[in-house]
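Me: I have a model open and want to check the words used to describe it. Please go through them and give the reasoning behind each.

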Amino acid sequence: MTDTIDAVVDIIAADRALKARHRTMWALGDYPRVAREVIPTLGPALVAASGIRRGDLVLDVAAGAGNAAVPAARAGAHVVASDLTPELFSAGQELAARYGVTVAWEEADAEALPYGDGTFDVVLSCVGVMFAPHHERAADELVRVCRPGGTIGLLSWTPQGFVGELFKTMKPYAPPPPPGAQPPPLWGDENHVRALIGDRVTNVVAQRKTLTVANFDSPQAWRHYWKTAYGPTVAVYRHIGDDPERVAALDSDLDAHAARFFRGAAWRTMGWEYLLLTARKQS
Ligand SMILES: C[S@@+](CC[C@H](N)C(=O)[O-])C[C@H]1O[C@@H](n2cnc3c(N)ncnc32)[C@H](O)[C@@H]1O
């Protein structure tokens with residue numbers, strides 16, 4: 001019995017430590033800048049697809065700096081923006097203030113949401129819940145806090161798209177993932193998400209779409225920006241920081257990765273694929 005209790009205590013402690021590392025990673029660099037400058041259209045796209053109406057009670061899971069939460073509030077919803085990394089909330093508060101809307105910002109792990117069953121009309125996550133390491137736990141929580149007949153709206157990078165391939169490119173340079181952690185881009189695979197939320201939902205609509213990114217005029221320009229602004233990339237460079245050969249190899253691999261996604265020879269735009277999936281919770 002004591003052994004079982006000790007084992008459970010160890011599992012809880014390991015999960016806390018893992019989430020603390022994830023929080024530190026997302027607070028590195030300048031994620032609000034990425035949200036503001038590179039992917040600001042994704043939140044509004046998710047809000048529109050989720051059919052949010054005035055007066056809805058909406059939860060944005062892994063909301064970051066409010067890329068989806070603020071547009072949901074602008075649509076007239078009452079919005080809770082929850083995230084593991086409260087360091088991102090001040091940028092979200094500034095964004096909300098700019099539009100004259102109110103959002104409640106709450107620190108929470110997507111795998112253990114501090115809300116009652118069936119609380120929200122709409123549960124959203126924009127390239128967010130995909131980064132919680134235990135997919136079933138996170139999916140169960142999304143479904144649990146949504147009311148019967150409510151909507152779940154998810155926008156996730158696909159495995160074969162720009163960000164999915166970026167994680168594959170960085171993997172040999174990163175510390176090994178902890179046991180049981182699943183790769184984030186699996187959430188961009190429609191079949192994976194259908195299997196996670198299963199028969200607890202109906203009316204599943206899934207579309208693969210492409211974000212046009214026109215912020216960078218070369219692979220190197222993208223790399224310079226990304227390695228100082230995007231937490232997971234900043235963290236990988238820190239991990240290999242004392243090995244100049246590995247740093248140079250990662251630089252070169254990232255340039256080659258980005259070059260594959262530019263359209264045309266003029267380095268004008270890149271296409272970053274994502275999955276936009278909405279579903280209705282069974283009544
Ligand atoms: C790529 S950012 C997306 C933020 C925002 N939704 C957006 O569209 O800009 C990923 C977010 O997931 C959050 N996150 C990662 N793991 C999480 C977890 N277990 N629970 C809650 N949030 C988590 C990070 O703190 C970060 O804000």
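Reply: A cavity is a set of grid points where a 1.4 Å probe fits but cannot get out. In this predicted model, the largest cavity holds about 70 Å³ of space.

Me: What is the count of cavities of 30 Å³ or more?

Reply: The count comes to one cavity at that cut-off.

Me: Which residues line the largest cavity, and what makes a residue part of the lining?

Reply: A lining residue has an atom within 4 Å of a grid point. The largest cavity is lined by Trp26, Tyr31, Val34, Ile39, Val127, Phe131, Trp157, Val163, Trp226, Tyr230 and Trp272. By class, this lining has eleven nonpolar residues, no polar and no charged ones. Trp and Tyr count as nonpolar here.

Me: What makes the contacts of the ligand with Ala62, Asn67 and Asp109 polar contacts?

Reply: The cut-off for a pair of N or O atoms is 3.5 Å. A backbone N or O atom of Ala62 lies 2.9 Å from a nitrogen atom of the ligand, and a polar side-chain atom of Asp109 lies 3.0 Å from a nitrogen atom of the ligand. For Asn67, an N or O atom of the side chain is 3.2 Å from an oxygen atom of the ligand. Each pair is therefore a polar contact, being within 3.5 Å.

Me: How much of the ligand is buried by the protein?

Reply: The ligand taken alone exposes 590 Å², and the protein buries 99% of that area. Helix H1 (2-27) and helix H2 (31-37) are the elements giving two or more residues to the shell around the ligand.

Me: Which residues of that shell come nearest to the ligand, and how do they divide by class?

Reply: Of the 20 residues around the ligand, Tyr31, Asp83, Thr85, Ala110 and Cys126 come nearest. The shell divides into 13 nonpolar, four polar and three charged residues.

Me: What lines the second largest pocket, and which element gives the largest share?

Reply: The second largest pocket has a volume of about 330 Å³. Its lining is made of 15 residues, with Arg36, Pro40, Leu95, Arg98 and Tyr99 nearest the centre. At least two residues of the lining come from each of H2, helix H4 (69-74) and helix H5 (89-98). H5 gives the largest share, four residues. By class the lining has ten nonpolar, one polar and four charged residues.

Me: Why is the chain called as compact as a globular protein of its length?

Reply: The chain has eleven helices and eight strands. Its radius of gyration is 19 Å, and the globule rule gives 19 Å for 283 residues, so the chain is as compact as a globular protein of that length.

Technical notes: Residues are numbered from 1 along each chain as its sequence is written. This is a predicted model: local features need pLDDT of at least 70, side-chain atom pairs count only at pLDDT 80 or more; totals for chains, interfaces and linings use all residues. Side-chain values use heavy atoms; hydrogens and water are left out. A residue is near a molecule or strand if one of its heavy atoms lies within 4 Å of it. A polar contact is a pair of N or O atoms within 3.5 Å; within protein, one must be able to donate a hydrogen and the other to accept it, and residues adjacent in sequence count only if both atoms are side-chain atoms. Accessible areas come from the Shrake-Rupley method with a 1.4 Å probe; for residues, only the protein chains shown count as cover. On a 1 Å grid over the protein atoms alone, a cavity is a set of points where a 1.4 Å probe fits but cannot get out, and a pocket is an open set with protein on both sides within 12 Å along at least five of seven lines; lining residues have an atom within 4 Å of a point. Grid points are joined across faces, edges and corners, and a volume is the space filled by probe spheres set on the points. The radius of gyration is taken over C-alpha atoms; the globule rule is 2.2 Å times the number of residues to the power 0.38.
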